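Me: I'd like to go through this one with you, asking how each label gets earned. Could you put the structure up so we can start?

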Amino acid sequence: GVYGYPIEIQALFFMSLRCALLLLKPEAEGNKDIMERIVTRLHALSYHMRTYFWLDFQQLNVIYRFKTEEYSHTAVNKFNVIPESIPDWLFDFMPSRGGYFVGNVSPARMDFRWFALGNCVAILASLATPEQAGAIMDLIEERWEDLIGEMPLKICYPAIEGHEWQNVTGCDPKNTRWSYHNGGSWPVLIWLLTAACIKTGRLKIARRAIDLAEARLARDSWPEYYDGKLGRYVGKQARKHQTWSIAGYLVAKMMLEDPSHLGMISLEEDKAMNPVLKRSASWIV
């Protein structure tokens with residue numbers, strides 16, 4: 001992250017804190033104090049992420065109408081985000097049903113891009129409330145061509161280009177638009193998508209994505225990543241016969257065949273942390 005703390009780091013940190021609570025023995029010397037500090041941190045982190053990183057149609061409309069230069073605890077625009085900083089693509093991308101955790105939040109700046117890893121881990125760690133987890137799945141269904149395309153799974157959306165690409169990547173030739181970490185499609189991520197689908201009861205999404213991967217991965221010699229808006233092309237610098245591309249597919253298949261495997265990589269919701277958000281009013285039954 002160039003600024004702030006990216007959603008991936010926040011979600012992984014949340015997961016690690018929750019795992020620490022499971023691994024620490026309360027009776028061991030010094031652990032009680034550590035566990036109390038972890039619980040305090042988890043409450044603060046979950047509130048911060050669920051409140052300030054969450055974006056859906058309703059919240060986008062709120063940000064669009066933000067007043068700036070607000071101060072004190074009564075400020076609605078906590079990070080002094082200027083509405084004009086909302087990128088044009090977001091208004092068309094945001095469906096009336098669905099939502100996601102944005103890439104980054106810091107004073108006067110928000111990275112409105114979608115990041116697959118952070119959102120999937122947020123679901124598995126129960127950083128996302130059940131309502132938010134369902135909304136993330138809704139977004140994937142509504143924006144299938146953008147986020148899945150012909151090869152699961154877009155690592156982020158959309159790609160950055162022009163001056164932004166120059167500034168953020170340092171003109172990195174690997175990270176040109178719709179390639180590598182700049183909007184490339186990574187088959188390894190299919191296991192995370194499948195795990196999130198199982199947890200939210202959306203198996204149809206996982207099966208559809210796996211079918212797409214099966215149609216090409218072996219034929220293309222298991223490349224590391226794919227290029228293009230739809231992931232149609234083997235990445236220009238992608239290595240082939242990649243262990244993690246193969247492993248990601250195998251894990252996805254095994255989890256789908258026996259969903260009980262999900263327990264090895266997923267944490268149930270902590271009832272002590274009361275959700276602070278409910279599904280957006282844009283939700284349609």
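Me: What stands opposite G99 in β2, and what makes β1 and β2 a pair?
Reply: D56 stands opposite G99 in β2. Two strands pair if DSSP finds at least two bridges between them, and β1 and β2 (residues 99-106) have three, in the antiparallel sense, so they are a pair by that rule. The strands themselves are DSSP runs (E, at least two residues; helices are H or I, at least four), numbered from the N terminus.

Me: Before we go on, where do the numbers come from?
Reply: This is a predicted model, where local features need pLDDT of at least 70 and side-chain atom pairs count only at pLDDT 80 or more, while totals for chains, interfaces and linings use all residues. Residues are numbered from 1 along each chain as its sequence is written, and side-chain values use heavy atoms, with hydrogens and water left out.

Me: Why are β1 and β4 called edge strands?
Reply: The open sheet has four strands in the order β1-β2-β3-β4, with antiparallel pairing. β1 (54-56) and β4 (156-157) each pair on one side only. In the middle, β2 and β3 share four bridges, with V102 opposite W114 in β3. β3 and β4 pair over two bridges, and there F115 stands opposite C156 in β4.

Me: How do you know that α5 packs on the sheet?
Reply: Helix α5 (residues 116-124) touches β2 and β3 (109-115), and contact means heavy atoms within 4.5 Å. The direction of α5 makes about 80 degrees with that of β3; axes are lines fitted to C-alpha atoms, for helices over the stretch in contact, and angles run from 0 to 180 degrees between N-to-C directions. Helix α6 (residues 130-142) packs there too, touching β1, β2 and β3.

Me: Is G118 in α5 buried or exposed, and what makes it so?
Reply: Buried means under 20% relative accessible area, exposed over 50%, and partly exposed in between (1.4 Å probe, protein chains only). G118 comes in at 0%, so it counts as buried. Not counting residues up to four places away in sequence, G118 touches I7, E8 and A11.

Me: And why is D270 called partly exposed?
Reply: Its relative accessible area is 27%, so D270 lands in that middle band. D270 sits in the segment after α11 (243-257).

Me: What makes helix α9 largely enclosed?
Reply: Eight of the 11 residues of α9 (residues 190-200) are buried, so the rest of the structure largely encloses that helix. Among what covers those buried residues are α5, α6, α10 (203-216) and α11. Just after α9, G201 takes a positive phi of about 70 degrees.

Me: Why is the big opening called a pocket rather than a cavity?
Reply: On a 1 Å grid over the protein atoms alone, a cavity is a set of points where a 1.4 Å probe fits but cannot get out, while a pocket is an open set with protein on both sides within 12 Å along at least five of seven lines. Lining residues have an atom within 4 Å of a point. The largest pocket holds about 980 Å³, and of its 33 lining residues, D111, R113, F115, I160 and V168 are the closest to its centre.

Me: Which strand gives the largest share of that lining?
Reply: β3 does, with six residues.

Technical notes: Grid points are joined across faces, edges and corners, and a volume is the space filled by probe spheres set on the points.
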